[in-house]
Each structure stands twice: as C-alpha cells, then as structure tokens.
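User: I should be grateful for a close look at a single residue in this model. Please begin with the chain as a whole and then turn to the residue and its surroundings.

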Amino acid sequence: MTVVDLRSDTVTQPTPAMRAAMMAAPLGDDVFASDPSVNLLQEKIADLLGFEAALFVPTGTQSNLCGILAHCQRGDEYIVGQQAHCYRWEGGGAAVFGSVQPQPLDNQADGSIRLSDIEATIKPDDAHFARTRMMALENTIGGKVLPFEYVEAATRLAADKGLARHLDGARLFNAAVAQAARSGGKARAEARRIAQCFDSVSVCFSKGLGAPVGSALCGSRDFINRAHRIRKMAGGGMRQAGLLAAAAIHALDEHVDRLGDDHALAQRLAQGLAGIEGLTFEAPQTNIVFVDLHGELRERGNDLIAHLKSQDILATGLYRLRFVTHLDVDEAGVDRAIGAIRTFFKA
C-alpha cells in the first residue's frame, strides 16, 4: 500500500519533469558565482518578487540566519513573534552565531503581532538596551495567511521607526495563492505585492513547491552582498549547485498555481474529521491542518500517530497533531487518512 505522508510538505519527491530539468541543467561553480543555473534562479526569484538581487542557500534556516545577521550587528535585537520559525524553531541561531537578541512578542490568533506591542517594544537609544534594528514577520504562519492590510500596517510602522523589515516567506507562495483566491488576482502578483512590503524576503523551494533542497534570500544588492559573506561563514557555499537550482526553477515555473490543489485537500481532510467528539480543528486556510484532542482523548495523540503509521499513514504531533498536504498526496490518500482516524476513535 502506498504511504500517505502527511508529516510535512518537505517530504515531497521531485517529479519526473523536475528530475529531467535537474539532469539537463548547465553547471558551474557557485562559489565563483559561475554556475549558470544558480545565477538564473537568483535572477528569476529576485525579478519575480521585485528585488535587486537574491542568494541561493541550502535551507530556510540558513536563509533567515543570513537575513537577520545582514540586517543586525552584535548587540542589536529583532522583534519577532513567539511562534515564528526564525525564533522558535531554528535553534536560536541569530543569538548563538551573531549575538543578536530576539525580542519575542505574542502572536494573535490570526498569526499577527499587535501593532501596539511592536511599537511599545522598540527600545530607546540608551546604553541599557539592545538596539532594536529589525522586525520579522512570517507568512504563512502555522498555515495561516497574514491579512494583507495588517502586513502593510506593520511594515509601515517598522519603517517609520527606522527598523529593517524581514519576511520569513518559507510558504510565501501558499499565502499568495490563498490571497489570490480571495481577491481574484494572480498568485505571482500577490507574492510580489506581499514581498514589496519588506526589505528582505526568504522563500523556500523545498516545501509546497516540491524541490528537493534550497531557499532564496532576496533584497537589495548591498544587502545580498552582506548576506553572501555570512553564507560563506555558515558553510553555505556550494559548488555545482545548479542541479538543485534547476529543480527550484522548475518549481517556480510549474508548481505555484497547483498549490491551490493542496489547499483544497486540506479542506477535504478537515471536513472529513468534522463531528468526531473530542477532536477540534480550525478551518485550514492553506495546506496545514492542526488538530487538538480534548477530554479523555487528550493523552491519545501518540496512540493515534502509531495507529496511522500501522496503516501506512504518517503524521506528526510535536505539540499539536499536524497534517500537511502537498503534491505527493491525492484525494484517495486524504480519504484513507480520514477513514483511519475515524476508525481509531470508534475503537
């Protein structure tokens, strides 16, 4: 039986067309800036999102690290949400490697940070305090799309206060597809509209876009030059990286609009779980469904994960049960997961 892997959209396998693009990619040495496929990818993503330059890096974590350290110096701080990936899930890299202090603030139910909290947290220019230099937002965050009006307001506030503005857009194109569905616009145009609210943007190719490896950091040419130096120090300089860049180029060309299919599958999964006593979830906005167990079911999360695994269905439950749809999951797989979950709760 085919495994239905709902742990993350990072588990995707390259499609046959993507593998063919990788094998046909012209290669060079990216440390010498002479890999034509990497150069093309960097030009493509920078142009798509409206920036002067971009930098291809192995991971989203390294992309955020390079971004934060290119904006901030030792003794600086950045304002960030408590649930943001670049604060909570990246090993404290900015603090460990850059001596940059995070100043985490509570995320609201929609993923935003209150504007009043941001403004109140900005430190005065005084030797007692770290220097507040940057604000980081994430979109999507926990599968939720930050309201565009909020993004505009928060980034305007940051700019008015002299702060750099960084977006962890690991799933930026999921946000753009969902935003386009609401507005009737085009996904790529919405991605650019979101990105242009920020001074720098990190985008992952290895999540819903389906590439095996890689992210890009976008910004001004001077900013990317600083980030390039940090990438080198962090061990992110790769040689014939065009094999990976070609996969990302294919993903940008072929896999953006199809993210809507993943969003529809997440809605199908949520609808299939409706009505199970003791199980609740928020209606998914993109491709992630978080599930909470209550009452007598509260301690059965690990049992459910084990049951699903016995049925060749994979999920995670680090702090909440999480199911993520992607290009390697179809309607039949989602229906199998629904049936297995319902069977477990009948037992």
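Analyst: The model is predicted, and the charges of the chain offer a starting point. The chain carries 36 positive and 41 negative side chains, and the centres of these two sets are 2 Å apart. Its accessible surface amounts to about 15300 Å², and carbon and sulfur atoms account for 50% of that area.

In secondary structure, the chain contains 14 helices and 12 strands. Its C-alpha atoms occupy a box of roughly 60 × 50 × 40 Å along the principal axes. The radius of gyration is 20 Å, which agrees with a compact globule, because a globule of 347 residues would have a value near 20 Å. Of the 347 residues, 55% are buried. When contacts between residues at least 6 apart in sequence are considered, 75% of them link residues at least 24 apart.

The residue chosen for the close look is Asp9, which lies in the loop between β1 (4-5) and α1 (16-23). Asp9 has a relative accessibility of 0% and therefore counts as buried, the cut-off being under 20%.

Two polar contacts involve the side chain of Asp9. One, of 2.9 Å, is formed with the side chain of Asn287; another, of 3.5 Å, is formed with the side chain of Ser8. Asn287 also appears among the contacts of Asp9 beyond its neighbours within four places in sequence. Apart from those neighbours, Asp9 touches Arg171, the residues Ser206, Lys207 and Gly208, then Asn287, and finally Val324, Thr325 and His326.

Key: Residues numbered from 1 in each chain as written. Predicted model: local features only at pLDDT ≥ 70, side-chain atom pairs only at ≥ 80, totals over all residues. Heavy atoms only, no water. Helix = DSSP H or I, 4+ residues; strand = E, 2+ residues; numbered from the N terminus. Buried < 20%, exposed > 50% of the residue type's maximum accessible area, 1.4 Å probe, protein only. Polar contact = N/O pair within 3.5 Å; in protein donor to acceptor, adjacent residues only side chain to side chain. Contact = heavy atoms within 4.5 Å. Rg over C-alpha atoms; globule rule 2.2 N^0.38 Å. Areas by Shrake-Rupley, 256 points an atom, 1.4 Å probe, with all protein chains shown as cover. Lys, Arg positive; Asp, Glu negative; His and termini not counted. Charge placed at Lys NZ, Arg CZ, Asp CG, Glu CD.
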